[in-house]
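Here are a few short exercises to work through with the model open beside you. Try each task before reading its solution.

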Amino acid sequence: MKPMNKETALVVFSGGQDSTTCLFWALKHFQKVVALTFVYGQKHVLEVEMAEQIAAEAGEIARQNGLNEGGGDVEWHKMDVSFISQLSHNSLTDTTMIMDQEKPADGPPNTFVPGRNLFFISVAAVFARERGINHLVTGVSQTDYSGYPDCRDAFIKALNVSLNLGMDEQFVIHTPLMWIDKAQTWAKADRLKVLDLIRYRTLTCYNGIPGDGCGECPACKLRNAGLREYLTLTDGREKFTRRKIQTLKS
Ligand code: ZN
């Protein structure tokens, strides 16, 4: 096992599959982990409650799983950025809108919250700076980016440079899921020994149903298809392709 980094990381933590995987990734790689959950007018407040609960237990689970022996508990914070829902209309915060089931040809689906990752990561950076933290972790992925432009690598790198210039700091934005798909994200969770925790106790569903979710919304379809692919592949673990295993080592 790689030795833990002696530093602290701040994880942008929604309580969904991706950010929970990142939370445990951070617990493995950093001495101390701070998790920041944003309230931005999302329809399902249960998401925030579940995030708080997972964060409360994550340190102990990580210790039991041997990810960070001697590591501490996760320090959890909640930040209200609900002004975001007043800036634009999207189906994640507007209860009157019917959610796009597919990405339209001419742009992102209406589940896209414009500026969300820009605001989240910028606020996280200021929050981190106050605490002398320069490592930020986010679960964005270009591979399964669902048409959201602010999940792409070029945006994150540009934002990293902007934050450093804007605050004269040396932030490092870590994106452990950037180049892996949902099946590989499940594989990563399995390697961190939290596959079942993430499967049953996180909330990714746009209809607010925890675990395997409603099964119908775009988030559930993506998450569940990845889970099926991973569970099928791991039926014969050796069938897992070399490319995927290579990615997971990173
Ligand atoms: Zn769903």
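## Exercise 1: The sides of a helix

In helix H4 of this predicted model, the buried residues are Arg116, Asn117, Phe120, Ile121, Ala124, Ala125 and Ala128. Work out how they are placed around the axis of H4.

Solution. Start with the directions of these residues from the axis: they span an arc of only 150 degrees, which means that they lie on the same side of H4. Next, turn to the face pointing away from the buried side, where you will find the exposed residues Val126 and Glu130. Then check the length: H4 covers residues 116–130, and its 15 residues reach 21 Å from first to last C-alpha, close to the 21 Å expected at 1.5 Å a residue. Finally, look just past the helix, where Gly132 has a positive phi, near 70 degrees.

## Exercise 2: A proline in a loop

Find the loop that holds Pro114, and decide how exposed Pro114 is.

Solution. First, locate helix H3 (83–87) and H4; Pro114 sits in the loop between them. Second, count the surroundings: 16 other C-beta atoms lie within 10 Å of Pro114, so this residue is partly exposed; being buried would take 20 or more. Third, step across to Ser88, which is 26 residues from Pro114 in sequence, with a C-alpha to C-alpha distance of 7.2 Å.

## Exercise 3: An enclosed strand

Is strand S2 largely enclosed by the rest of the structure or not, and which strand pairs with S2?

Solution. Begin with burial: S2 runs over residues 30–39, and eight of its ten residues are buried, so the rest of the structure largely encloses S2. Now look sideways to strand S3 (residues 75–80), which pairs with S2 in the parallel sense over six bridges. To see one bridge, take Leu36, whose partner in S3 is His77.

## Exercise 4: Into the core

Which residues touch the most other members of the largest nonpolar core?

Solution. The core has 57 residues, and those touching the most other members are Leu10, Val11, Leu23, Ala26, Val33 and Ala35. Pick Val11 and set aside its neighbours within four places in sequence: its contacts are then Ser19, Cys22, Leu23, Ala26, Val33, Ala35 and Val137. In soluble globular proteins, nonpolar side chains tend to be buried together.

## Exercise 5: The whole chain

Trace the order of helices and strands, then ask how far apart in sequence the contacting residues are.

Solution. From the N terminus, the order is β-α-β-α-β-α-α-β-α-β-α-α-α-α, giving nine helices and five strands. For the contacts with a separation of 6 or more, 68% join residues 24 or more positions apart. To finish, 39% of the 250 residues are buried.

Methods: Residues numbered from 1 in each chain as written. Predicted model: local features only at pLDDT ≥ 70, side-chain atom pairs only at ≥ 80, totals over all residues. Helix = DSSP H or I, 4+ residues; strand = E, 2+ residues; numbered from the N terminus. Buried ≥ 20, exposed ≤ 12 C-beta atoms within 10 Å, placed from the backbone. Contact = placed C-beta atoms within 7 Å. Pairing = 2+ DSSP bridges. Core = buried A, V, L, I, M, F, W, Y, C linked by C-beta atoms within 7 Å. Expected span 1.5 Å × (residues − 1). Arc of directions from axis to C-beta.
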